[in-house]
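Good morning, and thank you for coming. I would ask you to look at the sequence and the structure before I begin.

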Amino acid sequence: MTTGAKATRAIACPPPPLSRPPRLRYEQPVADATPGSVPTARKPVVGLVLGSGSARGWAHIGVIRALEAAGVRPDLVCGTSIGALVGAAWAAGELERFAAWVIAMRVKDVVSLMDLGLSGGFIKGERLMEFVRRSFVDRPIEDLPVPFAAVATALQSGAEVWLRTGSTVDAVRASIALPALVTPVVRDGVMLVDGGLVNPVPVSLARAMGAELVIAVDLSSDLLGRHLRPDRKPSPAPSPVGDWLRKLQESLGIDPPPATAKPRVPSMLDVVASSVNVMQVRIARSRLAGDPADALIAPRLAHLGLLDFHRGEEAIEEGARAVESALPALRALGLGLGARGAAAEDAPAS
């Protein structure tokens with residue numbers, strides 16, 4: 001195993017501009033040096049943005065596979081939290097090996113990777129990162145075959161931090177440090193936690209890396225209230241006395257008394273998961289409204305819980321289905337097989 005990686009340098013990103021700069025024109029003709037030649041269209045730089053979402057993030061594997069099958073290969077990738085982990089695997093050329101590990105994961109495997117602690121978070125995260133270091137090559141981010149970056153949050157200042165150099169594993173470890181669940185990471189004297197606190201779907205980072213067309217994956221589109229939905233229990237059978245009492249209350253304008261059955265008190269994990277969902281959904285909507293992606297892929301993953309990492313296969317399948325739904329939008333942007341203008345570009349010159 002080679003681990004010759006430099007320490008991760010935390011780069012605080014600049015504050016967002018007051019107004020969004022004008023987009024570049026992607027397919028402007030480029031003059032050829034040969035006299036009389038026909039100008040060709042320049043291919044835009046395509047960036048892939050992988051959003052946060054804990055166990056739902058395995059859907060990113062299906063998204064990437066489906067994009068490549070459709071003829072869309074991004075030129076750069078960035079991610080937040082679980083999106084940073086999957087994005088790093090793809091940027092390093094390890095996606096298929098990583099996917100095989102995810103699909104083979106069972107509940108006992110998930111439990112074995114959880115090193116419990118009470119200082120900074122319930123899970124230290126070191127056992128998972130040590131497994132990743134043993135199983136996959138940890139290279140400096142700047143040496144990866146595909147440009148990559150991860151997002152973290154400076155806990156003390158709340159600043160958004162872009163991790164673009166140093167150890168890939170260390171950058172991912174900082175990006176996945178979900179508050180209260182995974183312990184923070186200290187880099188260059190700065191305590192870092194999950195990037196989903198400030199930028200769950202980091203479109204702005206992809207544009208800063210040079211992307212002209214951005215494909216973003218949002219894992220939070222259908223999450224609100226998922227962990228606190230009440231149990232559906234059959235209502236008691238109607239009785240003559242009950243019907244008579246209800247009609248009397250209605251005629252007198254009296255509201256019926258509340259049901260005697262107490263609602264189920266959610267577990268601590270349910271409360272944390274629902275709170276994280278509310279926070280990230282609101283932040284993602286706000287950030288995407290200010291800096292929208294050119295194409296948005298939104299897998300439907302509300303049925304997966306925060307720690308359902310053992311359900312990777314169904315998450316991957318849902319990611320692929322979401323890409324199928326987004327293909328018309330991608331082709332309208334000139335991306336993928338069957339895209340607008342692709343036939344003309346591929347046709348031999350007469």
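What volume does the second largest cavity have? Its volume is about 210 Å³. I should say at once that this is a predicted model, and that the values I quote are computed from it.

Let me stay with this second cavity for a moment. It is lined by 16 residues, and those closest to its centre are Ala-88, Ala-89, Val-132, Phe-136 and Thr-168. Helices α2, α5 (126–135) and α6 (168–175) each contribute at least two residues to that lining. Sorted by class, the lining of the second largest cavity consists of 12 nonpolar residues, one polar residue and three charged residues.

How many cavities of 30 Å³ or more does the structure hold? There are two, and the largest has a volume of about 480 Å³. Of the 27 residues around this largest cavity, Ser-54, Leu-128, Ile-176, Val-182 and Phe-309 lie closest to the centre. At least two lining residues come from each of α2 (82–91), β9 (180–182) and α9 (268–290). The largest share, three residues, is supplied by α9. By class, the lining of the largest cavity has 18 nonpolar, seven polar and two charged residues. Helix α2 therefore deserves your attention on the screen, since at least two of its residues line the largest cavity and at least two line the second largest, while the buried residues of α3 pack against α2 as well, and these I take up next because they show a one-sided arrangement.

Which residues of helix α3, residues 95–104, are buried? They are Leu-95, Phe-98, Ala-99, Trp-101 and Val-102. These residues lie on the same side of α3, because they cover an arc of only 160° around the axis. As a general point, an α-helix has 3.6 residues a turn, so residues three or four places apart point the same way. The partners against which the buried residues of α3 pack are α1 (59–69), α2, α5 and α10.

I turn now to the strands. Strand β11, residues 190–194, pairs with β7, residues 148–154, in the antiparallel sense over three bridges. Within that pairing, Ala-152 has Asp-194 of β11 as its bridge partner. Strand β10, residues 185–187, is likewise antiparallel to β11 and joined to it by three bridges; here Val-186 is partnered with Met-191. Together, β10 and β11 form a hairpin with two residues between them. In that turn, Asp-188 has a positive phi of about 55°.

Finally, I would draw your attention to two loop positions. Is Glu-212 buried or exposed? Glu-212 counts as buried, because its relative accessible area is 10% and the cut-off for buried is under 20%. This residue sits in the loop between α7 (203–208) and β12 (213–217). Its C-alpha atom is 6.1 Å from that of Val-46, although the two are 166 residues apart along the chain.

The other position is Leu-306, in the loop between β13 (295–297) and α10 (312–332). With a relative accessibility of 4%, Leu-306 is also buried. Which residue, 250 residues apart from Leu-306 in sequence, has its C-alpha 7.4 Å away in space? That residue is Arg-56.

Thank you. I shall be glad to take your questions.

Definitions and conventions:
Residues numbered from 1 in each chain as written. Predicted model: local features only at pLDDT ≥ 70, side-chain atom pairs only at ≥ 80, totals over all residues. Heavy atoms only, no water. Helix = DSSP H or I, 4+ residues; strand = E, 2+ residues; numbered from the N terminus. Buried < 20%, exposed > 50% of the residue type's maximum accessible area, 1.4 Å probe, protein only. Pairing = 2+ DSSP bridges. 1 Å grid on protein atoms, 1.4 Å probe; cavity = no way out; pocket = protein on both sides within 12 Å on 5 of 7 lines; lining within 4 Å. Points joined across faces, edges and corners; volume = space filled by probe spheres on them. Nonpolar A, V, L, I, M, F, W, Y, C, P; charged D, E, K, R; others polar. Arc of directions from axis to C-beta. Contact = heavy atoms within 4.5 Å.
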